[in-house]
Amino acid sequence: MILLVALLSFAAHAQAISVSESLLRLYHLTDGKQWKKSNGWREAAEGTDRKSPVCSWYGVTCQGNISALDEETIIGLDLAENNLKGKVPEHLWSMPSLASVNLEGNLIHDAGFEGFESSESKAPINKVFLTDNKLTSLSGLESASSTLKELRIGSNHFKQFPEEIFQLKHLKTLQVSDIADMTGTLSTMIGNLLNLRDLEISYTALKGTIPTEVGLLEKLEFLDLHDNKFHGALPTELGNLVKLHTISMENRGEDTGGLTGPLPSFEDLSVLTNLYLDHNALTGTIPKDFLENSAVTKKDVSVYLSNNKLSGRIPRELERFEKLHLEVQGNRINEIPDELCQKNEWMLGQVADFGCDAILCPKGSFAESGRRESLDNPCTKCPHGEEDAPHLGSLDCDSKPSEAAGQSEGGGGSLFRFAELVIAFVVVFSMGLFVAAARRVKRMNMVMPTSHSDVFDDAFDSEGDSDIGLENVSLEEIGEPSPKGLYI
């Protein structure tokens with residue numbers, strides 16, 4: 001019995017430290033013969049070279065000397081875009097020093113994360129990159145070591161947001177993007193990830209409202225939720241995330257969502273330098289206290305609010321920003337304070353060249369970008385002026401007057417169309433009279449003159465030749481004129 005226990009203990013120990021065996025299982029389970037690069041792996045698998053250290057194999061990173069024979073020094077594995085197919089062995093996640101795994105751009109359908117559950121010795125994994133594979137589940141990942149800080153799993157085949165992620169409370173970076181088939185809503189459990197610094201969930205079919213629990217992630221510095229199908233108002237709790245330098249929630253893709261409601265002031269986000277909320281359906285005005293407590297007024301700051309339903313004027317208070325890039329075209333803005341048109345470093349210095357036009361094209365004109373960006377794309381006047389472009393920053397000339405324009409002009413648009421119809425009627429009627437008159441003149445030209453000499457004069461051409469052979473015709477044969485002037 002003692003011998004049996006000893007043998008089992010030795011076997012377990014051998015399994016735990018057999019790093020090379022774990023790697024060879026990875027080679028076989030992912031069709032290693034078809035890898036693009038397999039230096040060291042192939043030779044070891046075929047038994048043609050057993051002397052080369054594992055640290056010399058392609059994609060293997062060791063701590064210290066590459067020629068070291070101690071397999072426990074392996075800290076990284078990078079086999080990105082190497083044509084791996086199939087399943088990752090569970091043993092990989094028990095390698096004693098493995099901190100970083102990059103398997104992006106392959107054809108892996110099972111990451112083998114169950115190895116975290118079955119292994120007593122978990123790899124001290126820090127980064128896992130599995131973007132662009134064929135994963136449908138992350139089962140077992142919830143048992144990963146607390147050392148896991150960065151997870152990238154975009155461009156896979158998840159149907160729902162993997163709930164295992166919400167158990168990874170030590171994560172600092174999470175990237176889940178480009179998964180068009182991922183439906184459902186974003187769980188309120190996102191608020192569990194209190195250590196997140198960078199959060200990206202983009203280009204998915206997630207819908208519903210953005211959970212207010214996002215406001216619990218007070219360490220967040222980068223928040224990217226663009227091009228999903230979220231709707232509803234922006235959570236006011238975003239104002240709690242005072243470390244944010246970037247918010248990206250634009251919806252530029254087709255069939256994406258549209259955030260509604262008012263634009264928050266974000267007055268307490270003092271280090272916010274990049275705000276992207278364009279192509280939504282935000283309403284109301286830009287608040288006067290917008291970014292009021294900013295500590296980056298002398299730095300480059302980008303605010304994208306274009307293609308919403310914002311109205312009113314651009315707040316004069318924004319003049320405190322020295323290098324602001326403000327995109328607000330495609331809204332219902334009707335006024336730019338003169339002070340802002342003198343901020344020469346705004347819009348990448350374009351305000352110095354084009355004044356207010358660099359911010360928004362005037363009413364009654366348009367540009368493809370809604371503003372003037374260079375000498376080659378000036379703001380062009382619309383055929384019907386403000387009727388076609390009633391707001392600042394129009395992207396085109398709308399031939400149909402907007403409801404707002406009709407109300408502001410007292411129905412002038414309708415009167416203009418009526419006048420056009422009247423003019424068209426007069427023209428057509430005049431043409432009808434002209435045609436009738438022409439036909440009457442033609443009938444009159446068929447009437448013969450009352451003098452015999454006129455007949456002979458008309459019968460000859462300009463050279464004196466007869467056109468109708470009347471040289472020997474007598475007056476008697478011609479006859480006398482009838483009472484109506486026709487010869488019979």
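Two strands count as paired if DSSP finds at least two bridges between them. Keep that in mind for the tour, which passes through a sheet on its way from one loop to another.

**Before you click**

What you have open is a predicted model, where local features need pLDDT of at least 70, side-chain atom pairs count only at pLDDT 80 or more, and totals for chains, interfaces and linings use all residues. Residues are numbered from 1 along each chain as its sequence is written, and side-chain values use heavy atoms, with hydrogens and water left out.

**Stop 1: the whole chain**

Show the protein chain as a cartoon. You should find 9 helices and 22 strands; these are DSSP runs numbered from the N terminus, with helices being H or I of at least four residues and strands E of at least two. Of the 488 residues, 41% are buried, and buried here means under 20% relative accessible area, exposed means over 50%, and partly exposed lies in between (1.4 Å probe, protein chains only).

Now switch on the surface. Its accessible area is about 25,600 Å², and carbon and sulfur atoms hold 53% of that (Shrake-Rupley method, 1.4 Å probe; for residues, only the protein chains shown count as cover). Among contacts with a separation of 6 or more, 51% link residues 24 or more positions apart; a contact means heavy atoms within 4.5 Å.

**Stop 2: helix α2**

Select residues 19-29, which form α2. Val-19, Ser-22, Leu-23, Leu-24, Leu-26 and Tyr-27 are buried in this helix. Just after α2, click on Asp-31 to see a positive phi of about 55°.

**Stop 3: the 12-strand sheet**

Next, colour the open sheet of 12 strands, which runs in the order β1-β2-β4-β6-β7-β8-β9-β11-β13-β15-β17-β19 with mixed pairing. Its edges are β1 (60-62) and β19 (323-327); each has a single partner strand, so one side of each is left without a neighbour in the sheet. From one strand to the next, the twist averages 10° (axes are lines fitted to C-alpha atoms, for helices over the stretch in contact, and angles run from 0 to 180 degrees between N-to-C directions).

Strands of a sheet pair through backbone hydrogen bonds, either parallel or antiparallel. Zoom in on β17 (residues 300-304), which pairs with β15 in the parallel sense over 3 bridges. Here Asn-274 stands opposite Ser-302, and Tyr-276 stands opposite Tyr-304. On to the next pair: β17 and β19 are also parallel, over 5 bridges. Which residue in β19 is the bridge partner of Tyr-304? Select Glu-327 to see that partner.

**Stop 4: His-279 and Asn-307**

Move to the loop between β15 (274-276) and β16 (283-284), where you will find His-279. Is His-279 buried or partly exposed? At 32% relative accessibility, His-279 counts as partly exposed.

Leaving aside neighbours within four places in sequence, His-279 is in contact with Asn-251, Arg-252, Ser-306, Asn-307 and Asn-308. Try a distance label between the C-alpha atoms of His-279 and Leu-305: they are 7.5 Å apart, with their positions 26 residues apart along the chain.

The His-279 side chain has a polar contact of 2.9 Å with the side chain of Asp-278 and one of 3.4 Å with the side chain of Asn-307. A polar contact is a pair of N or O atoms within 3.5 Å; within protein, one must be able to donate a hydrogen and the other to accept it, and residues adjacent in sequence count only if both atoms are side-chain atoms.

Follow that contact to Asn-307, in the loop between β17 and β18 (309-313). Asn-307 is partly exposed at 23% relative accessibility, and its phi is near 55°, a positive value in a residue other than glycine.

**Stop 5: Arg-371 and Met-347**

Finish in the loop between β21 (365-366) and β22 (380-381), at Arg-371. With 2% relative accessibility, Arg-371 counts as buried. Its side chain reaches the backbone oxygen of Ala-358 at 2.9 Å and makes a polar contact of 3.4 Å with the side chain of Glu-373.

Not counting residues up to four places away in sequence, Arg-371 touches a list of residues including His-325, Glu-327, Met-347 and Cys-379. Glu-327 is the partner of Tyr-304 from Stop 3. Select Met-347 last, in the loop between β20 (332-335) and α5 (350-354). Met-347 is buried, with a relative accessible area of 0%, and has a positive phi of about 50° although it is not a glycine.
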